[in-house]
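Subject: Structure for you to look at

Dear colleague,

I am handing over the structure we spoke about, and I would be glad if you could open it before reading my notes.

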Amino acid sequence: MVLPAHLRTLAKAGGEIQLTIAGPVTQRSILDALEARYPMLQGTIRDHVTQERRAFVRFFACQEDLSHESLDAPLPDAVASGVEPFLVVGAIAGGIY
Amino acid sequence: MSKVRVLVGTRKGAFILESDGKRQKWDVSGPHFAGWELYHVKGSPVDPNRLYASQSSGWFGQLIQRSSDGGKTWEPMDNKFVYDGVPGTHQWYDGKPHPWEFKRVWHLEPSLTDPDTVYAGVEDAALFRTTDGGKSWHELSGLRGHGSGSRWQPGAGGMGLHTILPDPSDPQRMFIAISAAGTFRTDDGGATWKPITKGLHSQFLPDPTAEVGHCVHRIAMHKSRPNVLFMQKHWDVMRTDDAGEQWREVSGNLPTDFGFVIDVHAHEPETIYVVPIKSDSEHFPPEGKLRVFRSKTGGDEWEPLNKGLPQSDCYVDVLREAMAVDSLDSCGVYFGTTGGQVYASADAGDSWMPIVRDLPAVLSVEVQTLK
């Protein structure tokens, strides 16, 4: 998977992160594995309490916006097999910041 | 020889400025946490190399960073701020009940006696505390549980708890302020709280003397007189001499009594500073002149201080967390602007110089006097 620059800096992680997932590869299982390896990312991608995606974070893979898919829906085979990355992206701010 | 360290939080990172006691030449380090909003950075009074920083972003939420070496290196701490029990509701802008939602930490107040204990003022307004150096945070829910909580309402900038003043003479007593709920005092270590707003008058409220709803921008105290508090309210500069039981206006001859910051001289408890801002609809100095006003009489009588400050075409703002003083023999006064300048005076306000001038908009300024 690939994180936005700010979260790569926070996690001291390189460009692309390889995760080994036991069981179905879903948004939830990827994020669970990511946060287990990098606990400092807890709360930055999804809410601590609700576990919902933060409003200005998007999930892309295989040229698709998966942000509104179920957290428990299986991700494309290309992501599960490591051919394509699962992208965590900061939404465009429109210049306000 | 003494040193001074200035901790600056900005819209796009934190900066640390250091100087010797002369306070003429400054080394600037940063940006720390580049690109993130740093609402507040503050050091422990008992371990000055222990710093805490509130780092946040609209995208990625809240982080808390801690340094044990004066800001050279940092480590992320627990960032989980969960309201105690069922959060309940407060008033929303449309007057309807709105669930309490954590947004960010506005203010971090390290304990006066323990470097591992820190209070955090958050939006939506609540008070949290860590006693393990930031490894975990727990709400002091007696504040939000005060009977008035459901009537609190955000101002345009959000409903943030921005001022936390522990009483140096009484560990059970603390003062806090919230925009726009008002100001409160605890006498039992945070278990219960009492609104202390008698004497405040806010024209924007249906009942201008209501118990809660006042937009308090900042409160300041001199450590030798914890019963005397000074307040910059949305409009009006106020003081109390009895720990908030009764306030009186001391705006006196100020050109405008709107503003955000207020602070007290380190050695003269009756000498106070404000930066008047034109109005709540025009957030810049009157006449395009940046002036600090000083009162040596605890209010009412004010003198403008402008030597070294821009006196034409200046339209910056000075936000509520952006003024602090050092405790050197000749008290230093510091403030930051939304234009990215940090001004310092090494002579208690008589003259000023920019110690850095092209930072992102300054959100907070804190000063440490190092031996």
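Below is what was found in it, beginning with chain A and ending with some backbone details in chain B. Please keep in mind throughout that this is a predicted model.

Chain A contains 3 helices and 3 strands, and these follow one another along the sequence in the pattern α-α-β-β-α-β. Its C-alpha trace spans about 40 × 30 × 25 Å along the principal axes. For 97 residues a compact globule would be expected to have a radius of gyration near 13 Å, and the 13 Å found for chain A agrees with that. Of the contacts in chain A with a separation of 6 or more, 54% are between residues 24 or more positions apart, while buried residues make up 22% of the 97 residues in the chain.

Helix H2 of chain A, which runs over residues 27-37, shows how some of that burial is arranged, since A:Gln27, A:Ile30, A:Leu31 and A:Leu34 are buried there. These four cover an arc of only 95 degrees around the axis, which means that they sit on the same side of H2(A). The general background is that an α-helix has 3.6 residues a turn, so residues three or four places apart point the same way. Strand E1 (57-61) of chain A is included in what covers the buried residues of H2(A).

Turning to the contact between the two chains, 13 residues come from chain A and 12 residues from chain B. On the chain B side, the residues that touch chain A divide into 5 nonpolar, 6 polar and 1 charged.

In chain B, two cis peptide bonds deserve a look in your viewer. One joins B:Gly30 and B:Pro31, with omega about 0 degrees, and B:Pro31 is found in strand E3 (residues 27-32). Another joins B:Glu123 and B:Asp124, with omega about -10 degrees, and B:Asp124 lies in the loop between strand E11 (118-123) and strand E12 (126-130).

Chain B also has positive phi values in residues other than glycine, B:Phe33 being one of them, with phi near 60 degrees. B:Phe33 is placed in the loop between E3 and strand E4 (37-43), and it is buried, with 25 other C-beta atoms within 10 Å. B:Ala348 likewise has a positive phi, of about 60 degrees, and is found in the loop between strand E28 (342-345) and strand E29 (353-356). B:Ala348 counts as buried because it has 20 C-beta neighbours inside 10 Å, and 20 or more is what the term requires.

With best wishes

Methods: Residues are numbered from 1 along each chain as its sequence is written. Chains are lettered from A and ligands numbered from 1 in the order in which they are written. This is a predicted model: local features need pLDDT of at least 70, side-chain atom pairs count only at pLDDT 80 or more; totals for chains, interfaces and linings use all residues. A residue is buried if 20 or more other C-beta atoms lie within 10 Å of its own, exposed if 12 or fewer, and partly exposed in between; C-beta atoms are placed from the backbone. Helices (H or I, at least four residues) and strands (E, at least two) are DSSP runs, numbered from the N terminus. The arc is that of the directions from the helix axis to the C-beta atoms. Two residues are in contact if their C-beta atoms, placed from the backbone, lie within 7 Å. The radius of gyration is taken over C-alpha atoms; the globule rule is 2.2 Å times the number of residues to the power 0.38. Ala, Val, Leu, Ile, Met, Phe, Trp, Tyr, Cys and Pro count as nonpolar, Asp, Glu, Lys and Arg as charged, and the others, Gly among them, as polar.
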